[in-house]
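Here is a short round of questions on packing inside one protein model. Each answer works through to a value or a name.

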Amino acid sequence: MINILIVDDEKPICDLIDLNLSSAGYSCTSVQDGLEAIDKIEQDTYDLILLDIMLPGADGYDIMEYIRPLGVPVIFITAKHEVKDRVKGLKLGADDYLVKPFDVVELVARVEAVLRRYNKAEQKLTAGDVTVDVEAHRVTKAGRPIELTNKEFGLLVLFIKNINVALFRETLYEKVWEEEYFGDSRTLDLHVQRLRRKLGWEHNLVAVYKVGYRLEV
């Protein structure tokens, strides 16, 4: 599950954010003090930090300097609305900047966008009766485990993330094999054929003439 740290000196705001993000399937922890936030970051691992600027103990800018080397994405959520404040926050390494008061729907959308940018948003993917647990590297069909090679698994994740979209052969090859595609599709075709057979997707994973493949669900 995605873990999010909420840092804001106003507990009602923390509670509001926690309520909405928890409803969206995230695990949240909240603190109202800057030094306590640093302690939490030292003790636990977070996938995203929502950070106010005006805090007791240590302000958001100081905390950002501490977070930056860790590579954890940050969204500033603050009443400081002037352009110079936004520029400072973004230059310090924040991934987004949301001004109070904000709409919780917009907050959730921004959280999802930042997590997607860091490939953390979707740990479980589904297509029909096929479920992929990305983190556990596990695939099931109608609840039955399916054994896939690493390359087959990589292709499956790409197809499910792009349902009903035609994917070019070179895109599939270069993302999964992580090397340049030189036009020899035999290796890719073989892996797609095996994926079809293992998942019973002979009619779902279709070849697109002069393009590549498309997953139809």
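Q: How many residues does the largest nonpolar core have?
A: This is a predicted model. In the largest nonpolar core, the residues with the most contacts inside it are Val132, Val139, Leu155, Leu156, Phe159, Ile160 and Trp201. The core's total is 28 residues.

Q: Which element gives the most to this core?
A: Strands E6 (124-127), E7 (130-133) and E12 (212-215) each supply at least two residues. So do helices H6, H7 and H8 (186-199). The most, 7 residues, comes from H6.

Q: Which residues does Ile160 touch, not counting residues up to four places away in sequence?
A: Ile160 is among the residues with the most contacts inside the largest core. With those sequence neighbours left out, its partners are Leu125, Thr126, Ala127, Val130, Val132, Trp201 and Leu215.

Q: How are H6 and H7 oriented to each other?
A: H6 spans residues 150-161 and H7 spans residues 169-177. Their axes lie 9 Å apart, at an angle of about 130°. Angles over 145 degrees count as roughly antiparallel, and 65 to 115 as roughly perpendicular. The angle fits neither range, so H6 and H7 are oblique.

Q: Which class do the residues in the contact of H6 with H7 fall into, and how many of each?
A: H6 brings Lys151, Gly154, Leu155, Leu158 and Phe159. H7 brings Leu172, Lys175, Val176 and Trp177. By class, the contact has 2 charged, 1 polar and 6 nonpolar residues.

Q: What is the handedness of the crossing where H6 passes H7?
A: The two helices pack with their axes 9 Å apart. H6 passes H7 in a crossing that is right-handed.

Note on methods. Residues numbered from 1 in each chain as written. Predicted model: local features only at pLDDT ≥ 70, side-chain atom pairs only at ≥ 80, totals over all residues. Heavy atoms only, no water. Axes fitted to C-alpha atoms, helices over the stretch in contact; angles between N-to-C directions. Helix = DSSP H or I, 4+ residues; strand = E, 2+ residues; numbered from the N terminus. Parallel < 35°, antiparallel > 145°, perpendicular 65-115°, else oblique. Left-handed = near helix turned anticlockwise from the far one by under 90°. Contact = heavy atoms within 4.5 Å. Nonpolar A, V, L, I, M, F, W, Y, C, P; charged D, E, K, R; others polar. Core = buried A, V, L, I, M, F, W, Y, C linked by side-chain atoms within 4.5 Å. Buried < 20%, exposed > 50% of the residue type's maximum accessible area, 1.4 Å probe, protein only.
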